[in-house]
Amino acid sequence: MSSRSAALTRKQHPRTTEPVADNRAMHAALGLAFLGGALFYLLALISHEPADLPAWTHLAISDTAPATTHNLIGQLGAVLAGYTFWMFGAANYVIPVCLTWFGVCKFASPAAITLRSWIGFALMVISASAIFYLQAFWQWDDKNVTPYGAGGGLGYVVGGMLMLDIFGEVGSLLLLGTTYLVGMIFATGMHPIQVIIQGKDMMVQSAVNWWEGRAERRRLAEERATLPFTVPPPDAGKPSRKKKSPLPEVSDEINANTQLELPSVQNLPKIIDASAPKPPKPKPQLAEVWKKRQEQKEERIAFAKPTSLTARYKDYTVPPMDLLHYPDAASRMPTDEAPLRDMQEIIIETLATFDIQVTAGDITKGPAITRYEVYPSKGLRVNRIANLEPDIARATKAERINILAPIPGRDTVGIELPNRDKIVVPIRELLEDDTFQNGKAKLPLALGKDVYGKAVIADLATMPHLLVAGTTGSGKSVCINSIITSLLCRFAPDELRFIMIDPKVVEMQGYKDLPHLALPVVTDPKQSILALRWVVNEMEKRYQIFAKVGVRNFDGFNGRGPGKSFGKVTSRVGGGATMEEALQASAPSAPRSAPSPKKSLRDPHPDSIEDKDGLDALDEEDGYYVPKGSLWDGNSEPPPHKEPELEIPDSLPYIVVIVDELADLMQTAPADIESAIARIAQKARAAGIHLILATQTPRAEVVTGIIKANVPCRIAFQVNSALDSRVILDRKGADKLVGKGDMLYLPPGTSQLMRAQGTMVTDDELQNLVDHACNQGTPSFEAVLADPDEMGDEGESEAITPEDEAILEKVLEVLRSEKKASTSHIQRRLRLGYTRAARMMDILEQRGIIGPADGAKPREILVEL
Ligand SMILES: Nc1ncnc2c1ncn2[C@@H]1O[C@H](COP(=O)(O)OP(=O)(O)OP(=O)(O)O)[C@@H](O)[C@H]1O
């Protein structure tokens with residue numbers, strides 16, 4: 001440690017460092033004192049001869065002082081051994097064994113020796129004396145050592161006078177044997193079998209280490225012998241190696257490496273500094289990746305219609321990496337290891353004061369938190385450590401701590417404490433990461449760095465929808481910006497389009513000129529319903545296109561090769577204009593030229609394909625499709641039917657819908673928003689449409705059961721309570737986060753949470769990226785956003801009250817647990833009247849969660865609950 005950093009450490013930890021160092025020294029001193037005392041005692045016992053006892057002791061066998069003392073510890077040893085043998089008999093040997101145990105415990109780890117340990121020690125000595133007195137196998141006849149037999153005076157009193165008459169010989173031995181084992185557990189804190197197994201393991205391990213070390217030494221000697229120069233053995237005498245050998249450094253290196261490979265060295269706890277940023281890449285590689293992708297696109301561009309987006313953006317380039325900043329590496333102080341070790345010591349000591357013995361494991365310093373690992377002693381229940389969270393927080397003076405008991409996939413318990421100085425994770429570092437550039441992810445998102453410094457790069461295509469939640473100021477907007485940045489650095493406007501819904505108005509205004517936008521940034525909650533309906537419509541239309549072309553999904557469609565299945569295909573379903581048609585036809589944010597009246601003159605047929613959400617839909621009657629709003633009365637000859645044309649585009653772009661503040665939408669028309677989100681979430685993945693929902697209000701009425709069931713991937717930032725954390729993640733944990741980008745990520749297809757520090761992208765960087773994109777094109781909006789006033793009260797037509805929502809949650813719970821959706825069943829289980837139960841079923845049907853009624857059969861459950 002440099003003197004500067006040492007000084008800094010002392011300054012930063014004025015209270016903790018010195019007492020901890022003192023304590024460590026105290027423990028080591030006490031441990032040594034115990035070990036020394038044990039040896040002292042043992043030597044006195046094994047060299048004891050009654051003749052050594054001085055004449056003034058009442059045990060002396062002669063009135064004259066002995067000429068020489070044979071005891072290795074002199075007269076003191078003779079007196080000590082004489083009186084203790086007189087008192088404890090052969091059980092006297094238990095004492096140095098116990099002292100050795102205490103010494104090793106204190107010396108190797110700062111474990112506490114509690115009153116219970118001392119009581120255990122006493123029980124062992126007392127019961128051993130009595131056992132020695134009572135057993136018939138070995139008699140100690142040397143009356144000069146002890147006149148009371150093998151158990152000494154104590155054994156005679158406990159075994160002979162107190163127990164023999166009452167319990168008999170067998171009963172007493174049984175009782176004393178049990179007492180001895182209980183004492184052993186008290187003294188060591190371990191199961192007796194564990195003491196034996198651990199002792200055996202230690203011996204076996206030492207033997208293995210010795211054997212492996214020997215083999216290694218032999219191998220080295222052989223290697224040395226085969227080297228083209230002679231390296232003298234270390235004991236070869238005075239002449240220095242350097243003088244004799246032409247290449248001495250080589251052999252030094254071999255020795256150093258060999259030492260590192262020894263198993264004992266490998267097992268030492270390590271300090272890993274994962275917070276350090278990776279050095280910047282010498283050249284902007286993302287541009288190279290982009291060039292390769294452009295080459296692959298060339299064929300498609302050649303076949304593209306001149307009016308298409310592909311042709312329009314054929315020369316588009318992604319932003320170069322130097323538009324993003326790297327932090328100044330020189331300003332970063334090197335990590336000082338001493339405070340980290342001291343903190344780990346404080347944790348171990350705190351646990352020891354609660355009689356929880358652990359040993360030190362690795363320390364990993366991440367960008368925002370440091371994880372201290374400890375190995376629990378065998379037989380220790382790890383949730384005892386987790387229960388001590390407030391005590392560890394007090395001892396470490398940490399604002400928020402998190403305990404992983406155990407760390408998933410490891411045999412250690414992790415205690416995570418926030419770092420004093422947070423290291424920002426610049427987004428550029430992740431964008432230059434190999435996983436981002438060359439990984440398999442189709443829609444890679446640079447989310448952050450985990451505690452081990454590994455890049456957390458997710459694939460939105462596999463998620464396929466994401467919920468981001470956290471309290472205000474926790475880092476959601478920065479996260480959403482990082483997601484947008486990741487996609488902007490990868491996709492041209494013809495490959496990916498955004499729909500941004502920003503009821504907070506200020507968050508996404510910076511993107512309003514982005515050529516990737518499919519719709520203007522939506523700020524009016526009522527308009528956001530229209531935007532979501534447009535997405536539903538687009539999704540349905542894509543399915544029609546897939547059916548016509550004969551592919552199953554988005555990847556199949558875009559991967560079918562250029563020049564195939566182009567041209568117009570007539571369709572019986574009108575899904576509104578394709579985006580490319582709209583591109584030519586519509587002015588930015590132009591209202592729909594002829595908004596559909598709410599009802600056609602004819603009542604819809606009950607089995608009609610009318611879209612209940614009021615999408616562009618057609619009524620079916622006798623095989624004819626009649627546009628909604630047509631003046632045909634249904635009695636005369638139907639007007640000549642003009643089948644709408646379904647344009648088959650060259651390729652389809654991904655659509656990423658970002659909702660920044662779901663709560664505002666849910667306040668406007670919860671039923672509509674919920675059902676639109678559920679419909680998109682259920683089917684949109686195969687259509688290349690993905691949802692990202694953000695909220696700072698993680699309450700059950702915002703993040704409803706239906707939304708949660710359909711959005712499996714979650715990112716939680718800091719929240720205020722464990723309850724909020726449960727709403728987002730179905731478990732606590734987010735309440736322990738430290739804010740400013742500290743997050744828990746639930747990746748797709750797993751239940752394992754990953755803690756990470758989110759990537760940082762500054763406003764300047766965003767501005768640079770947007771400017772770069774805007775210089776290459778202007779947005780072309782779809783004509784879908786009508787005047788909100790024209791929507792009337794459609795959204796509230798169902799008039800679902802919060803009370804209904806609460807009942808719906810319960811109904812969903814029943815469906816989830818019993819997998820049976822029938823009105824009578826719900827009536828029985830929730831004690832509802834028929835009308836109400838039937839209404840709940842209707843609402844669920846409307847939201848696409850259950851299928852239509854089919855006689856007396858239970859309804860089909862359409863979503864994975
Ligand atoms: N990944 C990060 N790394 C470093 N600092 C961050 C990070 N994320 C957020 N911060 C800090 O936290 C502040 C608040 O972040 P942000 O604006 O994203 O919060 P928010 O959750 O969106 O809040 P609100 O809901 O009020 O908009 C930022 O200004 C920034 O200083």
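Start at the ligand and select the residues around it: there are 15 of them, and Thr472, Gly475, Ser477, Gly741 and Gly758 come nearest. Keep in mind as you click around that this is a predicted model. Now colour the shell by residue class, and you should get three nonpolar, 10 polar and two charged residues. Which secondary structure elements each supply at least two residues of that shell? Show α18 (476–488) and β19 (754–760), since those are the two to look at.

**Zoom out for a moment**

Switch to cartoon and take in the whole protein chain, with its 29 helices and 19 strands. Of its 865 residues, 38% are buried. If you draw a contact map, take the contacts with a separation of 6 or more: 69% of them link residues 24 or more positions apart.

**Next stop: α19 and α23**

Select 525–549 for α19 and 670–683 for α23. Their axes come within 10 Å and cross at roughly 30 degrees. That angle is under the 35-degree cut-off, so α19 and α23 count as roughly parallel to each other. The crossing is left-handed.

Turn on side chains to see who makes the contact. From α19, pick Ile529, Leu532, Arg533, Val535, Val536 and Met539. From α23, pick Asp672, Ile673, Ala676, Arg679, Ile680 and Lys683. How do these contact residues divide by class? Eight are nonpolar and four are charged, with no polar residues.

**On to α27 and α29**

Move along the chain and select α27 (residues 802–818) together with α29 (residues 834–846). These axes also come within 10 Å, but here they cross at roughly 80 degrees. An angle from 65 to 115 degrees counts as roughly perpendicular, which is why α27 and α29 get that description.

Show Ile807, Leu808 and Val811 on the α27 side, then Met840, Ile843 and Leu844 on the α29 side, and you have the contact. By class, this contact has six nonpolar residues, no polar ones and no charged ones.

**Backbone oddities**

Now hide the side chains and look at the backbone. Most residues other than glycine have a negative phi, and most peptide bonds are trans. The next four places depart from one or the other of those habits.

Begin with the two cis peptide bonds:

- Ala405 to Pro406: the bond is cis, with omega near -5 degrees. You'll find Pro406 in the loop between β4 (402–404) and β5 (413–418).
- Met463 to Pro464: this bond is cis too, with omega about -10 degrees. Pro464 belongs to the loop between β8 (455–459) and β9 (466–469).

Then go to the positive phi values. Select Lys397, which sits in the loop between α15 (389–396) and β4. Its phi is positive, about 55 degrees, even though Lys397 is not a glycine. Is Lys397 buried or exposed? It has 11 C-beta neighbours inside 10 Å, and 12 or fewer counts as exposed, so exposed is the answer.

Finish at Val505, in the loop between β10 (496–501) and α19. That loop brings you back to a helix from earlier in the tour, the partner of α23. Phi of Val505 is near 70 degrees, another positive value in a residue other than glycine. With 13 other C-beta atoms within 10 Å, Val505 comes out as partly exposed.

Definitions and conventions:
Residues numbered from 1 in each chain as written. Helix = DSSP H or I, 4+ residues; strand = E, 2+ residues; numbered from the N terminus. Buried ≥ 20, exposed ≤ 12 C-beta atoms within 10 Å, placed from the backbone. Axes fitted to C-alpha atoms, helices over the stretch in contact; angles between N-to-C directions. Parallel < 35°, antiparallel > 145°, perpendicular 65-115°, else oblique. Contact = placed C-beta atoms within 7 Å. Nonpolar A, V, L, I, M, F, W, Y, C, P; charged D, E, K, R; others polar. Near = placed C-beta within 6 Å. Left-handed = near helix turned anticlockwise from the far one by under 90°.
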